[in-house]
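Student: Can we go through this structure together? I'd like to hear how each label is earned.

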Amino acid sequence: MTDDLGLPGRRELPPEVLDNLRMSLREGMGKPARRRWPIVAAAAAVVLVLAGALVATVVIREPDGQGPVVANPDFSLDWPKAVTAMDRCWAAIEKRGKAASFPARDEWVPQFTTAPTWTSITVVAVRAGDKVFFCETTSITVTVSDPNAAPSYATGTKAAALLMSRAGTVAGVADPGWEKMEVFSRTADSTASADVPIFRNGNLFVVLSQSKPSRTTYSVGPYTGEPGDGVTVAPHGLRPAPEPAVTDIDRVPPVVPDRGTPAGQFFQTCVEGATEPLPDVDVYETGTLLEGGDVKVVVARLGDRFVVCQGGLGYHDGTSEYYRLFADPNAAPRSVGKLSTETLGGSEQGGAGSARNPFIGIVPRSAVTVKLDFGAGKKVDAVATDGTFATWRPEGTEAMDPNSQVGVVVLDAEGKTLHEGTLPLY
């Protein structure tokens, strides 16, 4: 399975290292206590990915037969992904000695899957007799909701969360009287809302939250189409989900990336401080570290998935540290590309006007230098590390045409040109 992760060949990890990884997995899954990124209604995301796949009515099947076709147009069932995920969940259940608490594996019937391409998360809603539970997998982890836990309904409703995971999954049951559900989320510095489809066979929902559930409070209500603030719209507080029945690292990474380097240390600090969740955070390899006074930016990768984490005391007004994580939604293999980020210390963020703009991208792993031409004589040589590069944009580029392109020449250690082309400035 290591080829799927883009990691080196397998070797045994020391038991204490694996224990630390498992402890890290369980952290952040505790009870939840205004970023303007919308949370994603996972089923809607699947519809976008699958480009409107046709659906038909649910059919009764024997457990070992071909899976049913989902009856709701807002949902879809990827049968191969569902089977793979359920097998991993069942193996983790058996490993943890929890099989007696679950229906037998051959009784599991997947209802729908949530598996957008921009994340490693796959969520399967599972029904087995009168039990409903959720199976979540990532590249290396498994989390399964407790099928025997009593739902803790939001006051005045029949809506309840059944699973809140470290990776960002929020799944549960909606009030049967709601056609669609509004989910409103609030963190220490951001709010977001989303209209969430409801799977009618059991009134199930799945949301992939863009903030860590452990640091987010959620409220719900019937979707009205009206703007709201979590009081007039989605007024019912969503209580924390029961603890998962199983959470484990089932695909043990062959190596644990070094967090003792300056890049690794800042990455650890940044991902812990950021509100955004990152599935499989413990096995991301750090690349280039960019430093500028009291702010830093680091690039990290897991195979063909890339993230940028940035922050520090100078991100906002200089009175407290602030961190953000930007996961690249494009997981398709590519040799050269630009990664999204944002200004640090800008006046729009409460900064004192000492704004810094990172320019960050990916290159072949053999690259050592990236020559960037921003135009008007503004040229920069950026150092490449493990297939990533990062530099500060030169002053004066803020006023350039939004459609401007940056010239890019990528060189290896011998000075050979690996790539020549352009990347968008913004």
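Tutor: Sure. Let's begin with an open sheet of five strands, in the order E2-E3-E4-E5-E13 with antiparallel pairing. Keep in mind that this is a predicted model, where local features need pLDDT of at least 70, side-chain atom pairs count only at pLDDT 80 or more, and totals for chains, interfaces and linings use all residues. Residues are numbered from 1 along each chain as its sequence is written, and side-chain values use heavy atoms, with hydrogens and water left out.

Student: What makes E2 and E13 the edges of that sheet?

Tutor: Strand E2 (109-114) and strand E13 (246-249) each have a single partner strand, so one side of each is left without a neighbour in the sheet. On average, neighbouring strands here are turned by 15° against each other, direction ignored. Axes for such angles are lines fitted to C-alpha atoms, for helices over the stretch in contact, and angles run from 0 to 180 degrees between N-to-C directions.

Student: How do you know that E5 and E13 pair?

Tutor: Two strands pair if DSSP finds at least two bridges between them. Strand E5 (residues 141-144) and E13 have four bridges, in the antiparallel sense, so the pair passes that test. Val-142 is the residue that stands opposite Asp-248 in E13.

Student: Why is H4 called a helix, and how does its length compare with the expected span?

Tutor: Helices (H or I, at least four residues) and strands (E, at least two) are DSSP runs, numbered from the N terminus. Helix H4 (residues 79-95) has 17 residues, so it clears the minimum of four. The expected span is 1.5 Å times one less than the number of residues. For H4 that should be 24 Å, and the end C-alpha atoms are 24 Å apart, which agrees.

Student: What is found at the two ends of H4?

Tutor: At the start, a side-chain oxygen of Asp-78 reaches to within 3.2 Å of the backbone nitrogen of Lys-81. Just after H4, Gly-97 takes a positive phi of about 70°.

Student: Which residues of H4 are buried, and what covers them?

Tutor: Buried means under 20% relative accessible area, exposed over 50%, partly exposed in between (1.4 Å probe, protein chains only). The buried residues of H4 include Trp-79, Met-86, Arg-88, Cys-89 and Trp-90. Among the elements covering the buried residues of H4 are E2, strand E3 (122-128), strand E4 (131-137), E5 and E13.

Student: Why is Cys-89 called buried?

Tutor: Its relative accessible area is 0%, which is under 20%, so the label fits. Cys-135 also counts as buried, at 0% relative accessibility.

Student: How do you know that Cys-89 and Cys-135 form a disulfide?

Tutor: The test is a pair of cysteine sulfur atoms within 2.5 Å. Cys-89 and Cys-135 are 2.0 Å apart, S to S, so they qualify. The link is right-handed, with 90° about the S-S bond. The pair links distant parts of the chain, Cys-89 in helix H4 and Cys-135 in strand E4, 46 residues apart.

Student: How many disulfides does a search of the whole structure find?

Tutor: It finds two. Another disulfide joins Cys-270 to Cys-309, again with an S to S distance of 2.0 Å. This link is left-handed, with -95° about the S-S bond. Cys-270 lies in helix H5 (residues 262-273) and Cys-309 in strand E16, so the pair ties together parts that are 39 residues apart in sequence. Both Cys-270 and Cys-309 are buried.

Student: What sheet does E16 belong to, and which strands are its edges?

Tutor: Four strands form an open sheet in the order E14-E15-E16-E17, with antiparallel pairing. The edge strands are E14 and strand E17 (322-327), as each pairs on one side only.

Student: What makes E15 mostly covered?

Tutor: In strand E15 (residues 295-302), seven of its eight residues are buried. Six bridges join strand E14 (residues 285-292) to E15, and eight bridges join E15 to strand E16 (residues 305-312). E15 and E16 form a hairpin with two residues between them, and Gly-303 in the turn has a positive phi of about 65°.

Student: Where does H5 lie?

Tutor: H5 lies across E14, E15, E16 and E17, running at about 80° to E16. Contact, by the way, means heavy atoms within 4.5 Å.

Note on methods
Polar contact = N/O pair within 3.5 Å; in protein donor to acceptor, adjacent residues only side chain to side chain.
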